[in-house]
Amino acid sequence: MRGVVMYKPGDVRVQDRDDPKIVEPTDAIVRLTATCICGSDLWPYRGIEPVDHTNMGHEYVGVVEEIGSDVKHVEVGDFVVGSFVISDNTCEICRSGYQSGCVHREFVAMTVGTQAEKARIPHADGTLVATPGQPDPELVPSLLAASDVLGTGWYGAVAAQAGPGRTVAVVGDGAVGLMAILAARQLGAERIIAMSRHPERQELARFYGATDIVEERGDEGVAKIKELTGGLGAHSVVEAVGTQESTMQAIGATRPGGHMGFVGVNYDVAIRGFDLFLAGIHLEGGPAPVRRFLPDLIQLIWDRRIDPGKVFDLTLPLEEAAEGYRAMDERRATKVLLTL
């Protein structure tokens with residue numbers, strides 16, 4: 001089969017890879033219908049994460065082609081959406097709703113590598129969710145978004161306790177930030193402030209439910225959020241970038257007693273304990289338990305109540321994956337869908 005391999009930072013190639021095979025009785029083989037490039041894939045691309053001839057990709061939808069003898073909840077022929085974290089969905093951590101911390105956790109990124117024609121998914125019963133039927137082609141991008149960015153943005157909004165009567169601020173206008181705006185609207189937030197400097201992303205943010213746009217960053221961004229909220233700060237803040245500046249901006253924009261959901265992959269972020277102590281806010285975040293939300297998200301998409309697929313603004317064939325990485329690295333694309 002064909003698949004994406006990152007040889008070293010900036011060096012992305014599409015080449016022949018071995019077809020996956022059933023290894024454990026809990027495995028499933030999925031023939032992928034679509035996959036994509038995530039903002040977190042840019043960390044190794046830019047040399048921030050180590051990479052060495054690594055199979056890439058962790059977002060995926062497709063049709064089950066083969067199952068192990070212990071797989072009971074998905075069948076050959078099912079169209080499935082999978083989380084970017086492998087989970088059994090039965091351990092105590094999973095049952096509490098945090099499947100991304102499963103005792104059998106395995107990250108699909110840099111192991112399975114779903115920027116490919118097929119993938120072996122361990123713990124298929126706990127990781128994959130079948131759709132109600134074979135989806136219409138126009139639903140595939142939205143279902144693909146549910147595999148990570150929609151589920152991650154949704155978790156960010158839930159962790160920030162977005163809901164009726166609340167003002168939500170979203171730091172980050174990439175795919176996850178845009179999905180957090182969509183989620184905040186679906187959760188009933190009264191006011192949603194998107195922090196964005198890019199006109200095309202601002203337009204999409206408004207489509208997904210943003211009521212206000214703040215272009216300022218850093219301390220100026222915090223001051224603007226406080227100005228818009230009577231000097232108090234937002235009830236709920238989603239941090240969807242993962243940099244030092246975005247993290248401190250999110251903390252500063254959260255009112256005392258408010259809630260901040262942090263879902264941006266963060267490297268080299270350092271928070272002074274005293275600053276966090278004085279902030280007096282609730283914090284929750286980390287790798288999103290997408291599996292918790294997948295059944296509901298799939299149904300919302302199936303019923304055409306949400307359209308997260310609009311977050312893809314560039315579509316390329318798998319063979320042109322290297323161009324997709326360049327486009328996202330250069331901010332010429334928000335999120336790239338790869339067709340198979």
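**Figure 1. E65 and its partner R31 in a predicted model.** E65 is partly exposed, at a relative accessibility of 33%; burial is graded by relative accessible area, with buried under 20%, exposed over 50% and partly exposed in between (1.4 Å probe, protein chains only). The model is predicted, with local features requiring pLDDT of at least 70 and side-chain atom pairs counted only at pLDDT 80 or more, while totals for chains, interfaces and linings use all residues. Residues are numbered from 1 along each chain as its sequence is written, and side-chain values use heavy atoms, with hydrogens and water left out. The side chain of E65 forms a salt bridge with that of R31, at 2.9 Å from N to O; the term denotes a side-chain nitrogen of Lys or Arg within 4 Å of a carboxyl oxygen of Asp or Glu. R31 belongs to strand β3 (residues 28-37) and E65 to strand β5 (residues 60-67), so the salt bridge ties together parts that are 34 residues apart in sequence. Helices (H or I, at least four residues) and strands (E, at least two) are DSSP runs, numbered from the N terminus. R31 is also partly exposed, with a relative accessible area of 42%. The whole structure holds 18 salt bridges.

**Figure 2. The salt bridge between D173 and R201.** The side chains of D173 and R201 come to 3.3 Å, N to O. D173 is in the loop between β11 (167-171) and α6 (175-186) and R201 is in helix α7 (residues 199-208), so the pair joins parts that are 28 residues apart in sequence. Both D173 and R201 are buried.

**Figure 3. Salt bridges around helix α12, including that of E323 and R326.** The closest N and O atoms of E323 and R326 are 3.2 Å apart. Both residues lie in helix α12 (residues 321-329), with a spacing of three residues, about one turn of the helix. An α-helix has 3.6 residues a turn, so residues three or four places apart point the same way. E323 is partly exposed at 24% relative accessibility, and R326 is partly exposed at 37%. A network of salt bridges links E323, R326, E330 and R332.

**Figure 4. Strands β15 and β16 with helix α10.** Strand β15 (residues 254-262) pairs with strand β16 (residues 282-285) in the parallel sense over four bridges; pairing requires that DSSP find at least two bridges between the strands. F262 stands opposite G285 in β16. Together with helix α10 (residues 273-279), the two strands make a right-handed β-α-β unit. Right-handed here means that, with the strands pointing away from the viewer, the path from the first strand over the helix to the second runs clockwise.

**Figure 5. The surroundings of T254 in strand β15.** T254 is buried, with a relative accessible area of 5%. Its side chain reaches the backbone oxygen of A250 at 2.8 Å. Leaving aside neighbours within four places in sequence, T254 is in contact (heavy atoms within 4.5 Å) with A234, H235, V237, H259, M260 and I281.

**Figure 6. The two sides of helix α8.** In α8 (residues 218-228), the residues G218, G221, V222 and I225 are buried. Seen down the helix axis, the buried residues fall within an arc of 100°, so they line one face of α8; the arc is that of the directions from the helix axis to the C-beta atoms. The buried residues pack against β11, β12 (191-195), β13 (212-214), β14 (234-239) and α9 (244-253). D219, E220 and E227, on the other side of α8, are exposed. G230 follows the helix and has a positive phi, near 65°.

**Figure 7. Positive phi at H123 and R304.** H123 is not a glycine, yet has a positive phi of about 45°. H123 lies in the loop between β9 (118-121) and α3 (124-127) and is partly exposed at 22% relative accessibility. R304, likewise not a glycine, has a positive phi of about 60°. R304 is in the loop between α11 (290-302) and β17 (314-317) and is partly exposed, with a relative accessible area of 46%.

**Figure 8. E320 and L338.** E320 is in the loop between β17 and α12. E320 is partly exposed, with a relative accessible area of 40%. From C-alpha to C-alpha, E320 and L338 are 8.2 Å apart in space, and they are 18 residues apart in sequence.

Note on methods:
Polar contact = N/O pair within 3.5 Å; in protein donor to acceptor, adjacent residues only side chain to side chain.
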